[in-house]
Amino acid sequence: MNQPEVLDSDIHALQQWLRAAWRQLGDPSLTTFSRRELRNQMKQCSADLRARLQMAAEQQSEPVQQPIPAYSRPALRILSW
């Protein structure tokens, strides 16, 4: 896999984890400590997701460089002795 594919799979995995965490947060059987820990993990995951999305945006905004032509006409120069 190349870099963009790895980045996309990371983003997808983080999004899935956050969806599952939100569902788990609604579970009434969670203790106060478990809820706090889950919220802390969700904050960290959200920060990681933001960083990955920023990296993906930077990769998309990089301009495509034009290939250097094999031959270009040199500028006219007059040389004298």
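Good morning. I begin with a pair of charged residues: Asp 10 forms a salt bridge with Arg 52, and their closest N and O atoms are 3.6 Å apart. Asp 10 belongs to helix α1 and Arg 52 to helix α2, so this pair ties together parts of the chain that are 42 residues apart in sequence. A search of the whole structure finds one salt bridge. I should state at once that this is a predicted model.

How exposed are the two partners? Asp 10 has a relative accessibility of 29% and therefore counts as partly exposed. Arg 52, with a relative accessible area of 27%, is partly exposed.

Let me add a neighbour in sequence to Arg 52. Leu 53 is located in helix α2. Its C-alpha is 9.7 Å from that of Asp 10, although Leu 53 and Asp 10 are separated by 43 residues in sequence. Leu 53 has a relative accessible area of 40%, so it is classed as partly exposed, the class lying between the 20% and 50% limits.

I turn now to the overall architecture. The protein contains two helices and zero strands. Helix α1 covers residues 3-25. With its 23 residues, α1 reaches 33 Å from its first C-alpha to its last, which is close to the 33 Å expected at 1.5 Å a residue. Helix α2 covers residues 32-61. Its 30 residues reach 43 Å between the first C-alpha and the last, close to the 44 Å expected at 1.5 Å a residue.

What lies between these helices? The buried residues of α1 pack against α2. Conversely, the cover over the buried residues of α2 includes α1. In α1, the buried positions are Leu 7, Ile 11, Leu 14, Leu 18, Ala 21 and Leu 25. An α-helix has 3.6 residues a turn, so residues three or four places apart point the same way. In α2, the buried residues are Leu 38, Met 42, Cys 45, Leu 49 and Ala 56.

These residues also appear in the largest nonpolar core, which has twelve residues in all and includes Leu 30. Both α1 and α2 supply at least two residues of this core. Which helix gives the most to it? The answer is α1, with six residues.

As one example from the core, consider Ala 21, which sits in helix α1. Its relative accessibility is 2%, and because buried means under 20%, Ala 21 counts as buried. Which residues does Ala 21 touch, leaving aside those up to four places away in sequence? They are Leu 38 and Met 42, both of which are buried residues of α2. Ala 21 can also be placed relative to Arg 39: the two are 18 residues apart in sequence, and their C-alpha atoms are 8.5 Å apart in space.

Finally, some totals for the protein. Of its 81 residues, buried residues make up 15%. The accessible surface comes to about 7400 Å², and carbon and sulfur atoms account for 55% of that surface. Among contacts with a separation of 6 or more, 62% are between residues 24 or more positions apart.

To summarise, the picture has two parts. The salt bridge between Asp 10 and Arg 52 joins α1 to α2, and so links parts that are 42 residues apart in sequence. The nonpolar core, for its part, draws at least two residues from each of these helices. Thank you for your attention.

Methods: Residues numbered from 1 in each chain as written. Predicted model: local features only at pLDDT ≥ 70, side-chain atom pairs only at ≥ 80, totals over all residues. Heavy atoms only, no water. Helix = DSSP H or I, 4+ residues; strand = E, 2+ residues; numbered from the N terminus. Buried < 20%, exposed > 50% of the residue type's maximum accessible area, 1.4 Å probe, protein only. Contact = heavy atoms within 4.5 Å. Areas by Shrake-Rupley, 256 points an atom, 1.4 Å probe, with all protein chains shown as cover. Core = buried A, V, L, I, M, F, W, Y, C linked by side-chain atoms within 4.5 Å. Salt bridge = Lys/Arg side-chain N within 4 Å of Asp/Glu carboxyl O. Expected span 1.5 Å × (residues − 1).
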